[in-house]
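Reader: I am new to this structure and would like the terms explained as they come up. Please show it first.

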Amino acid sequence: MTFSDSETTAIRSRFKVFDTKTYLNSCSQGALSDAVESGLNEYIESWRKYGSPWETWTEKYEEARKVFADFISADDDEVAVVASASAGINSIASALEFSSRPKVIMGEFEFPTMGQIWLAQQRRGARVEFLSGIDNQISAETYAKAIDEDTLIVPLTQVSFVNGNRSDVVAIAQAAHAHGALVMLDSYQDCGTRPIDVHRLGVDFMVSGTLKYLLGPPGLAFLYVRHDLISKLDPPITGWFAQTDPFAFNPKLHSPSPAAKRFEAGTPPIPNIYAALAGIRLLAEAEPARIEAHVARLAGQLIAGAHELGIQTKTAADGKGPLVVLKAKDAASLVSVLAEENIVVSSRHDGLRVSFHLYNSYEDVDRVLAAFKDHLEYFQSATGSAA
Ligand SMILES: Cc1ncc(COP(=O)(O)O)c(C=O)c1O
């Protein structure tokens with residue numbers, strides 16, 4: 001199911017960063033492939049050659065909607081093409097009413113934008129409650145206890161950016177729906193590393209951007225909205241690309257599209273669309289189920305190796321990736337030390353983040369573990385002293 005060594009070598013040869021770096025930072029930015037570079041060049045070519053080929057460009061934008069919808073097993077009209085995950089979340093937040101159900105229940109390990117957007121809705125009546133984790137995890141039971149008839153929505157990270165732990169999405173969605181609450185999944189730290197069937201996950205909304213595991217550039221994200229919710233939500237954050245017919249050019253007519261397009265706003269980010277399309281296609285061709293198996297083995301190998309060195313992980317021992325977070329005394333300095341050795345990782349607070357994708361190899365894991373062994377003074381041991 002996972003990739004053979006020769007398949008990994010072939011995939012890796014398409015990502016030039018590996019010529020000089022051990023790249024383990026897809027949780028910040030996916031590596032650049034030949035395909036994505038060609039996609040960007042194709043956009044430049046189209047601009048240079050034709051000046052303003054808007055018909056072709058809008059076709060690409062619709063193609064991106066379709067390709068992403070297929071990738072997550074959604075219907076095309078359930079997907080909005082937006083400039084960032086924040087833009088998608090804001091559109092939904094602005095369209096919700098908090099009068100009869102004011103509560104927003106979310107975990108403390110959400111990406112900051114998720115907290116900030118819902119906190120900003122307090123002036124419109126939202127009451128935000130944060131759930132605390134135990135050992136860097138928040139169980140489905142904790143969510144189930146907190147969600148009640150006053151709960152409007154549960155924003156939920158699929159994999160936390162800060163500890164690499166995975167939420168029990170299906171169980172939490174069931175608990176929310178049992179009380180009539182909605183679920184908004186933030187799939188940014190996961191989407192691209194495994195098959196997704198968004199209908200089966202049972203969430204009402206999902207957001208993900210292209211710059212990490214979807215292998216694209218910044219400046220493009222997708223919002224999924226469950227079919228039957230689309231017509232019930234009328235976002236006041238809007239624009240001409242949210243209309244039934246953007247090319248009616250009528251400022252006196254606001255006629256939101258009947259599709260999820262109504263959650264969009266202005267001119268789509270065409271260069272990013274050209275690039276991102278190539279990234280998503282590369283992943284689809286590589287087969288998400290195989291990527292999942294590959295990433296799980298790499299993550300397992302790293303966690304086991306780190307524990308053998310006495311390094312504690314924030315990510316659970318049975319973590320399947322793509323992100324593994326290790327506890328460090330001075331994670332930011334360790335990032336710099338490893339960068340000098342051409343190993344690219346990142347840090348958040350006291351966590352060192354190592355992330356895997358289809359292009360990483362078992363040698364990458366060995367290399368980073370060897371570097372950890374050389375710099376154990378940056379880690380915290382199980383007893384709290386330096387490992
Ligand atoms: C889980 C998660 N959500 C959201 C974002 C960022 O979203 P946006 O596209 O609004 O910048 C990130 C980026 O690091 C993330 O890790």
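Author: Strands are DSSP runs of E at least two residues long, numbered from the N terminus. The model is a predicted one. Histidine 349 is found in the loop between two such runs, β11 (346-348) and β12 (351-355).

Reader: Why is histidine 349 called exposed?

Author: The word exposed applies over 50% relative accessible area. Histidine 349 has 68%, so it is called exposed. Its phi is near 55°, a positive value in a residue other than glycine.

Reader: What makes a positive phi worth a remark?

Author: Most residues other than glycine have a negative phi. Serine 73 also has a positive value, with phi near 60°. Serine 73 lies in the loop between α3 and β2.

Reader: Is serine 73 buried, exposed or partly exposed?

Author: Buried means under 20%, exposed means over 50%, and partly exposed is what lies in between. The relative accessible area of serine 73 is 34%, so this residue is partly exposed.

Reader: Which peptide bond is cis?

Author: The bond that joins glycine 321 and proline 322 is cis, with omega about 10°. Proline 322 lies in the loop between α11 (288-308) and β9 (323-327). Most peptide bonds are trans.

Reader: What makes β3 and β5 a pair?

Author: Two strands pair if DSSP finds at least two bridges between them. Strand β3 (residues 103-107) and strand β5 (residues 151-157) have two bridges, so they count as a pair, in the parallel sense. Lysine 103 stands opposite threonine 151 in β5.

Reader: In what order do the seven strands form the open sheet?

Author: The order is β2-β8-β7-β6-β5-β3-β4, with mixed pairing. β2 (79-82) and β4 (127-131) are at the edges with a single partner strand each, so one side of each has no neighbour in the sheet. From one strand to the next the twist averages 20°. Helix α3 (residues 54-71) packs on the sheet and touches β2, β7 (205-209) and β8 (221-225). The direction of α3 makes about 125° with that of β2.

Reader: How do you know that serine 86 makes a polar contact with the ligand?

Author: A polar contact needs a pair of N or O atoms within 3.5 Å. A polar side-chain atom of serine 86 lies 2.5 Å from an oxygen atom of the ligand, so the pair qualifies. A polar side-chain atom of aspartate 186 lies 2.7 Å from a ligand nitrogen atom, so that pair qualifies too. Taken alone the ligand exposes 400 Å², and the protein buries 84% of that.

Note on methods
Residues numbered from 1 in each chain as written. Predicted model: local features only at pLDDT ≥ 70, side-chain atom pairs only at ≥ 80, totals over all residues. Heavy atoms only, no water. Helix = DSSP H or I, 4+ residues; strand = E, 2+ residues; numbered from the N terminus. Axes fitted to C-alpha atoms, helices over the stretch in contact; angles between N-to-C directions. Contact = heavy atoms within 4.5 Å. Buried < 20%, exposed > 50% of the residue type's maximum accessible area, 1.4 Å probe, protein only. Polar contact = N/O pair within 3.5 Å; in protein donor to acceptor, adjacent residues only side chain to side chain. Areas by Shrake-Rupley, 256 points an atom, 1.4 Å probe, with all protein chains shown as cover.
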